[in-house]
Amino acid sequence: MKRPWLPMVVMAVSAAACRENPVPAPRSRVTVRALEAPHVARAVALYPGETLGELLVRAGMGAGEVAAWLAPARSKLDARRLPAWTRVVVLCRWGVEPQAVRVTLERNELVLEKDGSGTVGARLEPRPVRERVEVKSGTIDRSLFATFEKLGEGDELATAVAEIFAWQVDFHRDLRRGDQVTAAFVRRECDGELVGYGQVLAATLVNAGNTLRAFRFAWNGSAGYYDENGRPLRRQFLRSPLPYSRVTSGFSLSRRHPILGRRLPHFGVDYAAPEGTPVRATADGVVAFVGMKGGGGKTVEVRHSGGFVTAYLHLSRFASGLAVGKRVGQGEVIGYVGSTGLATGPHLDYRVLRNGRYVNPARMGSDPPPPLSGSAQEAFQGEKARLEALLAGARRGEASRAGEVLAGGG
């Protein structure tokens, strides 16, 4: 039997259902694509001596594309002089098209970002950086760097500790397995993530049974490191012109030359290191020679007080602006490791002359300067007692306290 009223009932019920449960309108294709387009983050760190532009090329940008990102960056900072190991994150749509670059600075974050028209803009966003005192102690097994890595700290801290004791210890040859290191230092964090280090406040190094101590102390606007008696650790000469490397050949009056094949004197110490490793002047002085010098290849010579001259051979290149007559400071970069001249591979041949005669750099030393006196010594002893308590806490296995007030000077 036909029911002519049934379609009308069905239509009425359907209309009521639609009013109570409306069908959502379909999303536009453009919106869906925008929501679903993935942004792939590439996190990289700036190598020593590398510029931001070079890093962006290494992160996958084309050379022409990099210019569009560097132009706005230069309005906020010097993109050529960022600290080594600066953290940079590149955000790319579909993992290909760069959309944003975030550069983590000490107190700010530089944000480079494309707008809807494809123009790159730049802004600085403040970062909530928290500083706290940490104390870490460990046993040296392979190297100082490996020890601090095992303690959860970066190469910057290991380098800072090595530089404090650079006048007492040659870290290329003097370290022994089983040596002990302890350091009290300022750690800088943002959102629980390490962003850098402040000053090392104190450190001890037990090397071959000999205990070395260093305490940071500021007086009359200058700060330095002193031993437990208040004697400055700084000497006229660093023990090594490289912050860290491997000794491959020592001072000798008769050594078989690796290229010439006959026995000849070797008046220096050879340090093997990757090409491009920065070479430091071991003492304050004046540049006496810059250029090619026979089998030594690209060479720098620096004249110092006391009749000393230091020579740095087989360099790949010289530091920018280096010239005869220029004054250089202890630790200043004067060139970079290479293999120019008669060399089988990248290394530095470091030589020292005194009054025109070669001396063994490994045996060269200088008398320590006199200790602090008067009110400076009294103030130092008070600061030393505070820092010794910090170091003793680490040796007892106590956890360092976050947010501890840093007293005693900058």
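Trainee: How many cavities of 30 Å³ or more does the structure hold?

Mentor: This is a predicted model, and it holds 1 cavity of 30 Å³ or more. The volume of the largest cavity is about 100 Å³.

Trainee: Which residues lie nearest the centre of the largest cavity?

Mentor: Ala 166, Phe 171, Leu 242, Pro 243 and Arg 280 do, out of 13 lining residues. Sorted by class, that lining has 7 nonpolar, 2 polar and 4 charged residues.

Trainee: Now the pockets. What volume does the largest pocket have?

Mentor: A pocket, unlike a cavity, is an open set of points. Here the largest pocket takes in about 1800 Å³. Its lining has 43 residues, with Pro 48, Glu 163, Pro 243, Pro 278 and Val 333 nearest the centre. Two or more lining residues come from each of α6 (155-164), β10 (222-226), β15 (278-280), β18 (308-318) and β20 (333-337).

Trainee: Which element gives the most to the lining of the largest pocket?

Mentor: Helix α6 does, with 6 residues. The whole lining divides into 24 nonpolar, 9 polar and 10 charged residues.

Trainee: And what lines the second largest pocket?

Mentor: The second largest pocket has a volume of about 620 Å³. It is lined by 23 residues, and Ala 84, Trp 85, Glu 156, Val 195 and Gly 196 are the closest to its centre. At least two lining residues come from each of α6 and β8. Strand β8 supplies the largest share, 8 residues. By class there are 11 nonpolar, 6 polar and 6 charged residues in this lining.

Trainee: How should I read the sheet that contains β8, and in what order do its strands stand?

Mentor: Start from the general idea: strands of a sheet pair through backbone hydrogen bonds, either parallel or antiparallel. In this case 5 strands form an open sheet, in the order β6-β7-β8-β9-β10, with antiparallel pairing. Strands β6 and β10 are at the edges and have a single partner strand each, so one side of each lacks a neighbour in the sheet. On average, neighbouring strands are turned by 25° against each other, direction ignored.

Trainee: Which strands does α6 touch?

Mentor: Helix α6 packs on the sheet and touches β7, β8, β9 (210-219) and β10. The direction of α6 makes about 35° with that of β8.

Trainee: Take β7 by itself. How many of its residues are buried?

Mentor: Strand β7 (residues 180-190) is mostly covered, with 10 of its 11 residues buried. On one side, 10 bridges join β7 to the antiparallel strand β6 (residues 130-139). Ser 137 has Thr 182 in β7 as its bridge partner, and Gly 138 has Val 181. Strand β7 also pairs with β8 (residues 193-207), again antiparallel and over 10 bridges. There, Val 181 has Leu 205 in β8 as its bridge partner.

Trainee: What is found between β7 and β8?

Mentor: The two strands form a hairpin with 2 residues between them, and Asp 191 takes a positive phi near 55°.

Trainee: Last, a single residue. Is Thr 147 buried or exposed?

Mentor: Residues under 20% relative accessible area count as buried. Thr 147 has 3%, so it is buried. Thr 147 lies in helix α5 (residues 144-150).

Trainee: What is Thr 147 in contact with, leaving aside its neighbours within four places in sequence?

Mentor: Its contacts are Gly 138, Thr 139, Ile 140, Asp 141 and Val 181. Two of these names came up before: Gly 138 and Val 181 are bridge partners.

Terms used. Residues are numbered from 1 along each chain as its sequence is written. This is a predicted model: local features need pLDDT of at least 70, side-chain atom pairs count only at pLDDT 80 or more; totals for chains, interfaces and linings use all residues. Side-chain values use heavy atoms; hydrogens and water are left out. On a 1 Å grid over the protein atoms alone, a cavity is a set of points where a 1.4 Å probe fits but cannot get out, and a pocket is an open set with protein on both sides within 12 Å along at least five of seven lines; lining residues have an atom within 4 Å of a point. Grid points are joined across faces, edges and corners, and a volume is the space filled by probe spheres set on the points. Ala, Val, Leu, Ile, Met, Phe, Trp, Tyr, Cys and Pro count as nonpolar, Asp, Glu, Lys and Arg as charged, and the others, Gly among them, as polar. Helices (H or I, at least four residues) and strands (E, at least two) are DSSP runs, numbered from the N terminus. Buried means under 20% relative accessible area, exposed over 50%, partly exposed in between (1.4 Å probe, protein chains only). Contact means heavy atoms within 4.5 Å. Two strands pair if DSSP finds at least two bridges between them. Axes are lines fitted to C-alpha atoms, for helices over the stretch in contact, and angles run from 0 to 180 degrees between N-to-C directions.
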